[in-house]
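Thanks for sharing this one. Here are my notes, with the model in view so that you can follow along.

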Amino acid sequence: MLTPQAVGTLLKEMVRRAIEAIQAQQFTFEAEAKSTSYSDRDIVTSADVAAQEIYLHLIETCLPGVGIIAEEEELRVPPSGTDLYVTVDPLDGTRAFTRRQSHGVGTMVAMLRGNEVISAYVGDIMTREIYGYRPGSTRVHRVSQYNIGTVLEERSDRPLQSRYLLLRDEPQNFSAFAHELFFDPDSRIMRSFEITSGSVGIQFSRLWKDEIGAILMAPARVTPWDFNPVVGISRMLGYEFVELDEGRLRVCDVGAIYDFTTFPHEMLVVHRSRLPELERITARS
């Protein structure tokens, strides 16, 4: 097996090559509808397929025996002689890609051992930036298209009341408790909110870069390929997943998943340094 440093370099190279393959088809891709076990409104493009082929070739060539869980055709290959899995989301934000958006399109890979995401990388197709960490590391790097890397860390000490919240859903899809905390102008605990779409990985990168203060997710069914990279990097950077359940906030011990998983409650993703502030605010409400 490769050293942790070599594994990290390999996973990052997979993402870099996938970015190039997807960008090459930005204006020439072909698309068709697909029916999956989790959506009957999904689409797949020739760029999705090309990127996944890159991932699979490098995994099978350089990481023989490692299990694979990949989005296209819901590919699942069991491991042989190891307990490691790699999850692959070749093109995260396919609909944004087909609209030829200049943002919100990514590609993601993660390595799992048991309940832990031991390495993960998220690539921004449009900026060519890559975010991630290798096995055994305690730091997450942001790497530019020129291969210049900086260490990501929680930098802001601004209170939540001065920060913006990011949503993937319209406010009407959230509970009364969420409305009281985040949407009611008279009681909300953050400055305001914005709604976005496209790649979940690129949305989370805005949190990692400290552009926003938190992300609020509605109850949802998630997949291994889009959940593991964001939970791995978020946890490495000190972000917590806080469940909103019947007027209570509860920190969840989320970890690696290997199959479709449903989170029945709303989930706030916020840095652990902000938890005391959350507790003070909600105690007064």
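1. Let me begin with helix α6, where Pro224, Trp225, Phe227, Asn228, Pro229, Val230, Val231, Gly232, Ile233 and Ser234 are buried. That is ten of the 13 residues, so α6 is largely enclosed by the rest of the structure. Please keep in mind throughout that this is a predicted model.

2. The length of α6 is as one would expect: from first C-alpha to last, its 13 residues reach 18 Å, close to the 18 Å expected at 1.5 Å a residue. Just after the helix, Gly238 takes a positive phi of about 95°.

3. Helix α6 also feeds the largest nonpolar core, being one of the elements that each supply at least two residues. This core has 37 residues, and those with the most contacts inside it are Val117, Phe204, Trp208, Ile215, Ile233, Phe241 and Val269. Besides α6, the elements that each supply at least two core residues include helix α5 (200-208) and the strands β7 (116-124), β13 (214-217), β15 (239-245) and β18 (266-271). In soluble globular proteins, nonpolar side chains tend to be buried together.

4. Which residues does Ile215 touch, not counting those up to four places away in sequence? They are Leu165, Leu166, Gln203, Phe204, Leu207, Met267, Leu268 and Val269. Apart from this core lies another, of 32 residues, with Leu11, Leu63, Val88 and Met111 among them.

5. Val88 leads on to strand β3 (residues 67-70), since Val88 in β5 is the bridge partner of Ala70. Strands β3 and β5 (residues 84-92) run parallel and are joined by four bridges. With β4 (residues 75-77), β3 runs antiparallel, and three bridges join the two; here Ile69 stands opposite Arg76.

6. Is β3 covered or open on its two faces? Both faces are covered: Gly67 and Ile69 on one side are buried, as are Ile68 and Ala70 on the other. The hairpin of β3 and β4 has four residues between the strands, and Glu73 takes a positive phi near 60° there.

7. Two other residues deserve a look for their backbone angles. Arg128, in the loop between β7 and β8, has a positive phi near 65° although the residue is not a glycine. At 30% relative accessibility, Arg128 counts as partly exposed. Glu246, in the loop between β15 and β16 (248-252), has a positive phi near 50°, again in a residue other than glycine. Glu246 is exposed, with a relative accessible area of 73%.

8. Gln26 is a polar residue to check in the loop between α1 (4-24) and β1 (31-34). At 17% relative accessibility, Gln26 counts as buried, because the cut-off is under 20%. Leaving aside neighbours within four places in sequence, Gln26 is in contact with Phe97, Arg100 and Met126.

9. Finally, the whole chain. There are seven helices and 18 strands. The radius of gyration is 19 Å, close to the 19 Å that the globule rule gives for 285 residues, so the chain is as compact as a globular protein of that length. Buried residues make up 54% of the 285. Among contacts with a separation of 6 or more, 64% join residues 24 or more positions apart. The chain exposes about 13000 Å², of which carbon and sulfur atoms supply 48%.

Methods: Residues numbered from 1 in each chain as written. Predicted model: local features only at pLDDT ≥ 70, side-chain atom pairs only at ≥ 80, totals over all residues. Heavy atoms only, no water. Buried < 20%, exposed > 50% of the residue type's maximum accessible area, 1.4 Å probe, protein only. Pairing = 2+ DSSP bridges. Core = buried A, V, L, I, M, F, W, Y, C linked by side-chain atoms within 4.5 Å. Contact = heavy atoms within 4.5 Å. Expected span 1.5 Å × (residues − 1). Rg over C-alpha atoms; globule rule 2.2 N^0.38 Å. Areas by Shrake-Rupley, 256 points an atom, 1.4 Å probe, with all protein chains shown as cover.
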